Amino acid sequence: MTLRVVVLISGRGSNLGALLSAAAEPDAGFCVLGAIADRPAAGLDLVRERGLRAVLVARSDFVDRHSFEAELGRQTAALAPDLIVLAGFMRVLSTEFVQQHAGRVLNIHPSLLPLYPGLHTHQRVLDAGDAEHGASVHLVTPQLDAGPVLAQVRIAVLNGDTAEDLAARLLPREHQLLVACVKAIAHGWVEVQSGGFRIRRHEHALTTPLRLDASGQLLDAGGQPLAQC
Ligand code: GRF
């Protein structure tokens, strides 16, 4: 069965683009039904040009957060997704929205969570003098960037790096990470449970995030590729 994915965006949508490309591969196991944006995001063109659903639910068209999220929830549910991916979606979703789609919402965040939830992660890594940076894919909960982490990718911070350098070097690795996570769920290698994840071959819930290797494969804490389970 093909996993049905809807992507929520606020901007250029390069992570959405990576999912669209990956979904077109024969072994993807998932399809992107469309994208929903909370503002007139450039990324909506990526789905429009493929004939997929491009939905704008502009926050500015609603008097309050409650009515905005109610419409966002209606539009999302109308596409009947199995999985909702927040990819550069610049809003914290309310408890109601998260509960409506409990266990089915993932987010990609450009830091090694629990380090640096929120904004300006690249600069905060530099300010702290960290030797490593990275990105995380995690389950969305009502708290900002605080849900259980499924997988991470790490990059080295190099001498003289600026926040822009870090962002540019991390982005293609974020794309690989997000695609690998969605594929892992689509193929059933990872199950999303209430409150976390379980690797199919493991008895227990995932306690250490999976790691993306240089070739774009997810490895478990023992270094085993997930795809071989
Ligand atoms: C990515 O860095 C993502 O991690 C962050 O926002 C950025 C979105 O980029 N949450 P794009 O819109 O997918 O190009």
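In the predicted model, Ala-80 is found in the loop that runs between helix 3 (65-78) and strand 4. The phi angle of Ala-80 is near 50°, a positive value in a residue other than glycine. A second backbone feature occurs at Pro-114, which lies in the loop between strand 5 and helix 5. Leu-113 and Pro-114 are joined by a cis peptide bond, with omega at about 15°. For context, most residues other than glycine have a negative phi, and most peptide bonds are trans.

The largest pocket holds about 790 Å³ of space. Of the 32 residues in its lining, Gly-88, Phe-89, Met-90, Ile-108 and Pro-110 are the closest to the pocket centre. Several secondary structure elements each supply at least two residues of this lining: helix 1 (14-23), strand 4 (83-87), strand 5 (105-109), helix 5 (121-128) and helix 6 (163-186). By class, the lining of the largest pocket comprises 13 nonpolar, 15 polar and 4 charged residues.

The largest pocket is also the space taken by the ligand. The residues around the ligand are Arg-12, Gly-13, Ser-14, Asn-15, Gly-88, Ile-108, Pro-110 and Glu-174. This shell divides into 2 nonpolar, 4 polar and 2 charged residues. Gly-88, Ile-108 and Pro-110 belong to the shell, and these residues are also among those closest to the centre of the largest pocket.

Contacts to the ligand involve both backbone and side-chain atoms of the protein. At Gly-13, a backbone N or O atom lies 2.9 Å from an oxygen atom of the ligand. At Ile-108, a backbone N or O atom is placed 3.3 Å from a nitrogen atom of the ligand. The side chain of Glu-174 has an N or O atom that is 2.5 Å from an oxygen atom of the ligand. Taken alone, the ligand exposes 370 Å², and the protein buries 86% of that area.

The second largest pocket contains about 200 Å³ of space. Its lining consists of 13 residues, and those nearest its centre are Ala-180, Lys-183, Trp-189, Gly-216 and Gln-217. Helix 6 provides the largest share of this lining, with 4 residues. The lining of the second largest pocket divides into 6 nonpolar, 5 polar and 2 charged residues. Helix 6 thus contributes to the second largest pocket and also supplies at least two residues to the lining of the largest pocket.

Notes: Residues numbered from 1 in each chain as written. Predicted model: local features only at pLDDT ≥ 70, side-chain atom pairs only at ≥ 80, totals over all residues. Heavy atoms only, no water. Near = heavy atom within 4 Å. Polar contact = N/O pair within 3.5 Å; in protein donor to acceptor, adjacent residues only side chain to side chain. Areas by Shrake-Rupley, 256 points an atom, 1.4 Å probe, with all protein chains shown as cover. 1 Å grid on protein atoms, 1.4 Å probe; cavity = no way out; pocket = protein on both sides within 12 Å on 5 of 7 lines; lining within 4 Å. Sits in = over half its atoms within 2 Å of the grid points. Nonpolar A, V, L, I, M, F, W, Y, C, P; charged D, E, K, R; others polar. Points joined across faces, edges and corners; volume = space filled by probe spheres on them.
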